[in-house]
Amino acid sequence: GTFAARRPDGLTRVEIKARAQVLRELSEKRLFSQAQSQVGMRKRGLSLNGDKFLSDDYWNITAPMGDNAKGQLFSLEVTAADSHGNLFGRLVDASPL
């Protein structure tokens, strides 16, 4: 289990769940902050299925792909991030890198 479950002072199940909730909230805030800091950046992204891309630094980016083939590298600009850490962008150049 977790560190909280192994503590010698014997935290109750309610305390363990409350601590876990706090840690999840902190993690979500950090992800949101990191995602927001990506807005305006240009990234190289591998086109996946639909309008999904995976950047060199492992961010998932949703951007209209048009008729471009999957499995190609494209230059993307991150234009927005939502509260769940999802990035949105646009193709800087419609031709693959």
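In the predicted model, strands β1 and β2 run antiparallel and are joined by three bridges. One position in this pairing is given by S47, which stands opposite F53 in β2. The two strands form a hairpin with four residues between them, and G50 in the turn adopts a positive phi of about 60°. Strand β1 also pairs with β4, again in the antiparallel sense, through five bridges. Here R42 has E77 of β4 as its bridge partner. The two faces of β1 differ in their cover: K43, G45 and S47 make up the covered face, whereas R42, R44 and L46 make up the uncovered one.

Strand β4 has a further partner in β5, to which five bridges join it in the antiparallel sense. Within this pairing, V78 stands opposite G89 of β5. The hairpin of β4 and β5 has five residues between the strands, and G85 takes a positive phi near 85° there. Strand β5 pairs in addition with β3, in the parallel sense and over two bridges. In that pairing T62 stands opposite F88 of β5.

The nonpolar interior was examined next. The largest nonpolar core comprises twelve residues, namely A35, F53, W59, I61, A63, M65, F74, L76, V78, A81, L87 and L91. At least two of these residues come from each of β4 (73–81) and β5 (87–91). The greatest contribution is that of β4, with four residues. In soluble globular proteins, nonpolar side chains tend to be buried together. Some residues of the core also appear in the strand pairings: F53 is the residue of β2 opposite S47, and V78 is the residue opposite G89.

Two members of this core, F53 and F74, also take part in an aromatic contact. A search of the whole structure finds one aromatic pair. The ring centres of F53 and F74 are 6.0 Å apart and the ring planes meet at 85°, so the arrangement is edge-to-face. Because F53 belongs to strand β2 (residues 52–55) and F74 to strand β4, the pair ties together parts that are 21 residues apart in sequence. Both F53 and F74 are buried.

Three salt bridges are present in the structure. In one of them, the side chains of D57 and K43 meet with an N to O distance of 2.6 Å. This pair links distant parts of the chain, with D57 in the loop between β2 and β3 (60–62), K43 in strand β1 (residues 42–47), and 14 residues separating them. The partners have unlike surroundings: D57 is partly exposed, with a relative accessible area of 39%, whereas K43 is buried, with a relative accessible area of 8%. The burial of K43 accompanies its place on the covered face of β1.

Another salt bridge joins the side chains of R44 and D56, at 2.9 Å from N to O. Distant parts of the chain are again linked, since R44 lies in strand β1 and D56 in the loop between β2 and β3, twelve residues apart. Both partners fall in the partly exposed class: R44 has a relative accessible area of 39%, and D56 has a relative accessibility of 47%. R44 is located on the uncovered face of β1.

The remaining salt bridge is formed by R90 and E77, whose closest N and O atoms are 2.8 Å apart. R90 lies in strand β5 and E77 in strand β4, so the pair ties together parts that are 13 residues apart in sequence. R90 is partly exposed, with a relative accessible area of 36%. E77 thus has two recorded roles, as the salt-bridge partner of R90 and as the bridge partner of R42 in the pairing of β1 with β4.

Nonpolar side chains also occur at the surface. V22, L23 and L26 make a nonpolar surface patch of about 290 Å². L26 is placed in helix α2 (residues 13–36).

Technical notes: Residues are numbered from 1 along each chain as its sequence is written. This is a predicted model: local features need pLDDT of at least 70, side-chain atom pairs count only at pLDDT 80 or more; totals for chains, interfaces and linings use all residues. Side-chain values use heavy atoms; hydrogens and water are left out. A nonpolar core is a set of buried Ala, Val, Leu, Ile, Met, Phe, Trp, Tyr and Cys residues joined through side-chain atoms within 4.5 Å. Buried means under 20% relative accessible area, exposed over 50%, partly exposed in between (1.4 Å probe, protein chains only). Rings of Phe, Tyr and Trp (its six-membered ring) pair if their centres lie within 6.5 Å; planes under 30 degrees apart count as stacked, over 60 as edge-to-face and the rest as tilted. A salt bridge is a side-chain nitrogen of Lys or Arg within 4 Å of a carboxyl oxygen of Asp or Glu. Two strands pair if DSSP finds at least two bridges between them. Patches are made of residues with over 30% relative accessible area and no salt bridge: like charges are joined within 9 Å, nonpolar side chains (Val, Leu, Ile, Met, Phe, Trp, Tyr) within 5 Å. Accessible areas come from the Shrake-Rupley method with a 1.4 Å probe; for residues, only the protein chains shown count as cover.
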